[in-house]
Amino acid sequence: MRPMIAALWAAAMLMGLQQSAASPDSIVDRSSKNLSSVPRDLPQTTELLDLSRNHIQQLHRGDFKNTPLLRFLNVSWNSLEDIDPETFLDTPLLEDLDLSHNRLRNLSGQRYLLHTENLLVLNLVCNNFLTMTLGSEFRSLVKLERLALGAQNISNGDFLNIAGVKLRTLTLSLENEQGYTAGSLQDVQAQRLQIATSYQILNHSLVSDALSLFVAVELMDLKGGYNELSKQLSERVGILTSHLYLTNISIDWKDLTHFVGVVWRTSVDHLTASDVVLYNLPRRENEGIQTSKMKSFRAIRAVVKSFIFSQETVYNFFINMPVESLAIVETSIIHMTCPMFHSPILQLDFSNCALSDSIFSRVESQKSLECKNLDSVRKLILVGNNFRSLQILSKRVQFMKSLQHLDLSINSLVYDGLGECVWPLSIINMTLSSNGLTASVFKCLPKGTESLDLQNNQVSVIPSSILKLENLSSLNLNANRLRDLPVCNGFPLLNELLLKSNSLHAPSMNKLDSCPKLKTLDVSYNPFTCTCALRSFISLGIKSEKKESHTGIELLNWPLGYYCTYPEAFRDFALKDISIPEVSCNIGLLATTILCPAVLVIIAVVILCHRLDAPWYMRMIWQWTRAKHRTRMRHVRPEELVGVKFHAFVSYSQHDADWVQNSLLPNLEDTAGGLRICHHEQNFVPGKTIVENIIACVEKSRRSVFVLSAHFVKSEWCHYELYFASHQRLAWGTDSVVLVLLEPLPQYLIPSKYKQLKSMMGQHTYLEWPQDRAKHRLFWANLRAALQADLPNAPVTELEE
């Protein structure tokens, strides 16, 4: 009985854990703590409370006042004798209550149930109940789905108070000598009746009522009495039960085969035996039964206790069963034979066994013969075995001409791409998940496959030269090693593509153009690199979320399953929150974006410079800088300045005398300038010839300033002055002559005889007199800088020879 109770409570606990997974504090385990009462320090968030295996004798009102969210309570294996009627007044959400293995005495006095109207599971087995008579309080349990009870006597009317409750499962624990009155279960509405007993012989009336009143009957913990049970089954004419379960049983091989043979001849459609211990297995072939009304047989976790027996006999018994569905799961069988005759089996399930590549085959004269008698099988499940070669398995099933669904997941399958695969053409659904398959697997697939599951393998790329699967509509490549989207040339009808948890950094969206039928795409949980290459994919995700994608592709798990892994600045950012500007990815657009403003700025600067005459200012500042630099760098020896009394000699036309007198001389000779200027109106010596005065002025001046204008080039004397000054350049250098352009003077207006002037204007940077008064200060500063020099401090009175 204990395994059944443990399974019942484990199911309830599992449900609680699943629903409370988001809140770990809601699970409180106080089992085996030597408690004598319910703890007072339970957190208010408690939803699942385990108080089993303590010494609690009573439950009082207020014991659970601090746990209003309580949904699951286990008080089994205590010493409970009494429960206050208002114990559960503060737990309106209670769904699962386990009070098994206690000392409760009266099933008709469980008044605490009046406050548990939301109860789904109630376990009261292994208490001190003499009769099974349920009290009126059970009527309030309108939501009850599972009820486990145990009493020494079961009589008519005991279950009358739950006649209106539609149970999923009623469990009857028969640990003591059982008194059962025929027809006592007729008031029960339950889909499944579980009968657990430690006796070898079940009550005849109880079994009779079970088979005639319940669609599903489960017999638990049987250790014998199979002959009587077989006899009762064979003698009954009307059996309502279509699903018969044997759980946690021990049985001889002879009793098992006889019992199964009897069930075959009844109206029971489905027989399931789980947690079976087999004794005395055969050493020779048994005679098989070839006819049956039963549709399915299922064996779960069968253990053999015989060391010497005929494995082939055992395998043949099962594979030759005349049923539509045969399942042997979680059992350590290492081989399965081929039926001796044509088999009616439509579905085979050998999940989680120890089968190898030799399945269904036999060896005769050192030659392997393939099985041809399973040609009716439509669904074959071989999950979790020891299969190694995909090509060899194709040979093992090649004659299953009706096979449509094949599941080979969780094995160690590989394919080297060399041998030819010979799958039945009828296969449409194939599952190869959790193996060691690589890209070569696409050369070893059934051509008619419509759904292919290859998740959790080693596929890194889908080669272009693959077997064309013209009917493939669903391809699952989750948890592989793909680095990009595949090309669908080999799958023209592909509708669903699953690529979750691969190695895709930036899916190439142009490859989707080869998938015209694709409607569902899952690329979540990949290591996305959030760079320009990902822009189109992000756009697809956003459009898919808004149902605006022109391709009609739905991106599964968007946006929760899509995050950046690189660059580091965007790690763990959701793709939908990442903005990658197009201008940073489009070189042409980037160039246009940069060049257009730059050109506009340049044009604006040029216009502004033109308006503000910036070039003129730049030239003047440059000339001033050069003049200052020459002054600092040129070191004139004192002996070179002997006889030099003027900073500059000014040569100009008489027509420009007003400008010279009113503008030039005041700005050079006043306090701001401090220069000594020689000019003919003041410094020519009377009595001397003009030429002699010119020569004397040029020789006694550090530099010569020529005020150029149209009148200047027409003056003969100005020409002489220019001539002598040009010769002085040989002694003082090129900076001894300073040209001041008073007005524009094009080269073509200068007569050809003024070769020196043309040469100087071509080689020297001349100063232009600005018409704008705002520029005058800079002009004078520049001219003063060009003429500045350290001369002997001697007053000037007249020109001496």
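**View 1. Burial and overall make-up of the protein chain in the predicted model.** Of the 801 residues in the protein chain, 50% are buried. The chain's accessible surface is about 38800 Å², and carbon and sulfur atoms account for 52% of that area. Its secondary structure consists of 15 helices and 35 strands. When contacts between residues at least 6 apart in sequence are taken, 63% link residues at least 24 apart.

**View 2. The largest nonpolar core and the surroundings of Leu 432.** This core holds 163 residues. The residues with the most contacts inside it are Phe 159, Leu 170, Phe 350, Phe 360, Trp 423, Leu 432 and Phe 442. Helix α4, residues 253-264, contributes the most to this core, with seven residues. Neighbours within four places in sequence aside, Leu 432 contacts a set of residues including Leu 390, Leu 408, Leu 413, Leu 437, Val 441, Leu 445, Leu 452 and Leu 454. Ser 409, Asp 453 and Asn 457 are also among the contacts of Leu 432. Apart from the largest core lies another one, of 23 residues, which includes Phe 779, Trp 780, Ala 786 and Leu 787.

**View 3. The open sheet of five strands.** The strands are arranged in the order β32-β31-β33-β34-β35, with parallel pairing. β32 (677-678) and β35 (767-768) are the edge strands; each has a single partner strand, so one side of each has no neighbour in the sheet. β33 and β34 (residues 737-741) run parallel and are joined by five bridges. One bridge partner pair consists of Val 707 and, in β34, Val 740.

**View 4. Helices α12 and α15 against the sheet strands.** Helix α12, residues 690-699, lies across β31 (646-651), β32 and β33. The angle between α12 and β33 is about 120 degrees. Helix α15, residues 776-787, lies across β31, β33, β34 and β35. Helix α15 runs at about 165 degrees to β34.

**View 5. Ala 710 in the loop between β33 and α13.** The loop that holds Ala 710 connects β33 (701-708) with α13 (716-732). Ala 710 has 26% relative accessibility and therefore counts as partly exposed. With residues up to four places away in sequence left out, Ala 710 touches Glu 743 and Leu 745. Leu 741 is 31 residues from Ala 710 along the chain, and the C-alpha atoms of these two residues are 9.9 Å apart.

Terms used
Residues are numbered from 1 along each chain as its sequence is written. This is a predicted model: local features need pLDDT of at least 70, side-chain atom pairs count only at pLDDT 80 or more; totals for chains, interfaces and linings use all residues. Side-chain values use heavy atoms; hydrogens and water are left out. Helices (H or I, at least four residues) and strands (E, at least two) are DSSP runs, numbered from the N terminus. Buried means under 20% relative accessible area, exposed over 50%, partly exposed in between (1.4 Å probe, protein chains only). Contact means heavy atoms within 4.5 Å. A nonpolar core is a set of buried Ala, Val, Leu, Ile, Met, Phe, Trp, Tyr and Cys residues joined through side-chain atoms within 4.5 Å. Accessible areas come from the Shrake-Rupley method with a 1.4 Å probe; for residues, only the protein chains shown count as cover. Two strands pair if DSSP finds at least two bridges between them. Axes are lines fitted to C-alpha atoms, for helices over the stretch in contact, and angles run from 0 to 180 degrees between N-to-C directions.
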